[in-house]
Amino acid sequence: MTAGRKSILGIALLIVAMLFGISYTTEAQNFVLVIDAGHGGHDPGAIGKRAKEKDINLNVALKLGKLVEQNCPDVKVVYTRQKDVFIALNRRAEIANNAKADLFISIHTNSVAGNSQAMGASTWTLGLAKSDANLDVAKRENSVILYEDDYKTSYAGFDPNSAESYIIFEFMQDNYMSQSVHLASLVQEEFKTTAKRRDHGVHQAGFLVLKASAMPSILVELGFISTPAEEQFLASEAGANTMANGIFRAFQTYKKEQEAKAGGALTQLPKNNSVTADKKSASEAVKKEQAPVKQTESAKTEKPVFKIQFLTSGRKLDNNDRRLSGLKSVDYYVEKGTYKYTCGASTDYNQVRTTLRQVTKTYKDAFIIAFKGDEKMDVNEAIKEFKANK
């Protein structure tokens, strides 16, 4: 078909759509975002003096979805709920999985019993809670299953209020951890800079709704409903708009990065990065930024090398930065424009697990990743290979 005929056909289709009232778009929706408003129906979530968590969550979720729908025509938005109804945790994840979602964002509001001063937003990814405070957040969010009939069968005996039940998260590795942590970091940056909220950082904990979601997933805690001033802000239209806009801006950044990656914007990484950026062209400098700091041990042994990722940064840190002191084998790699710092490299997984216990005393949300040669690999596969070669 010639270009002229294609153009005529396109105009004809548009006229037919207008005549018959058909919603017509020339741009395909090829990115699926699932927005999950936590709690709902007979599950109110945390309760403040004048507001309920379920209502704050839904208001922000709908505003976020509207921003995406108005500004991103190539994105299909799927909601786990759009009104005040109860949705089981496993059903929320099922909705995302059935939609073949590219991203899952669960929206919640925090609370601390007996504390009316706590303020600030935080964003969470799936993992083992490294502190009692983190575990408490997971317990509160997972306690939703107690509203479900026969939850012991549905969740294989999981008790949301028992610390022992959370041991399962120690041995579970999230295939989307890197992407999830990166998105969480983008959200927190927006909350801090554009929303002007207190930054409570990126954390990990054992959330059932994230565990069952087969895509990059985050859980946002908008603030503390237990603090009157923050409750008033979050329950207001201005506050809800501010928080929704922050998440939306982070989503835009994340999506653009994914598109650049899918479009082959990043060229193949060089094996030798000994030439400094100031002696090379701009394009070569970009390549260097993406390359590992040095040739990893796995390049020589072809065995997986396990490392502990303990810190992310939007810029390269100075070698004498205090955050890097006291750690062995400190290294970094660059992923989607974010500098990710690691330490404790070893081909012995058990040794790295032992080191992790020490590192988490300072960096509570540190976790294990794996490389083979210069390529990051699935840590589950790396663990299997380590055990097979023992």
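Helices (H or I, at least four residues) and strands (E, at least two) are DSSP runs, numbered from the N terminus. With that naming in hand, welcome to the tour. This is a predicted model, in which local features need pLDDT of at least 70, side-chain atom pairs count only at pLDDT 80 or more, and totals for chains, interfaces and linings use all residues. Residues are numbered from 1 along each chain as its sequence is written, and side-chain values use heavy atoms, with hydrogens and water left out.

**The whole protein**

Start with everything in cartoon view: the protein has 13 helices and 11 strands. Of its 390 residues, 48% are buried; buried means under 20% relative accessible area, exposed over 50%, and partly exposed in between (1.4 Å probe, protein chains only).

**The six-stranded sheet**

Next, select the strands of the open, mixed sheet, which run in the order β2-β1-β3-β6-β4-β5. Two strands pair if DSSP finds at least two bridges between them. At the edges are β2 (75-79) and β5 (199-205); each has a single partner strand, so one side of each is left without a neighbour in the sheet. On average, neighbouring strands here are turned by 20° against each other, direction ignored. Axes are lines fitted to C-alpha atoms, for helices over the stretch in contact, and angles run from 0 to 180 degrees between N-to-C directions.

Zoom in on β4 (residues 121-126), which runs parallel to β5 and is joined to it by five bridges. Label alanine 121 and you will find aspartate 199 of β5 opposite.

**Two helices across the sheet**

Now add α3 (residues 89-98), which lies across β1 (31-37), β2 and β3 (103-110) at about 170° to β1. Then show α6 (residues 177-193), lying across β3, β4, β5 and β6 (217-224) and running at about 175° to β4.

Follow the chain from α6 towards β5 and stop in the loop between them at lysine 196. Its phi is positive, about 60°, although lysine 196 is not a glycine. Most residues other than glycine have a negative phi. Is lysine 196 buried or exposed? Lysine 196 is exposed, with a relative accessible area of 63%.

**The second largest pocket**

Keep α6 on screen and turn to the second largest pocket, with about 770 Å³ of space. A pocket is an open set of points on a 1 Å grid over the protein atoms alone, where a 1.4 Å probe fits, with protein on both sides within 12 Å along at least five of seven lines; lining residues have an atom within 4 Å of a point. Grid points are joined across faces, edges and corners, and the volume is the space filled by probe spheres set on the points.

Select Ser185, Val202, Leu311, Thr312 and Ser313, the closest to the pocket's centre of the 30 lining residues. Two or more lining residues come from each of α6, β5, α9 (237-262) and β7 (305-313), and α6 gives the most, with seven.

**β7, β8 and β9**

From β7, move to β9 (residues 338-346): eight of its nine residues are buried, so β9 is largely enclosed by the rest of the structure. Six bridges join β7 to β9 in antiparallel fashion, with threonine 312 partnered by lysine 340.

Finish at the hairpin of β8 and β9, which has two residues between its strands; lysine 336 in the turn has a positive phi of about 55°. Five bridges pair these strands in the antiparallel sense, and glutamate 335 stands opposite threonine 338. Your last stop is serine 329, in the loop between β7 and β8 (331-335). Serine 329 is partly exposed, at 44% relative accessibility.

Key: Contact means heavy atoms within 4.5 Å.
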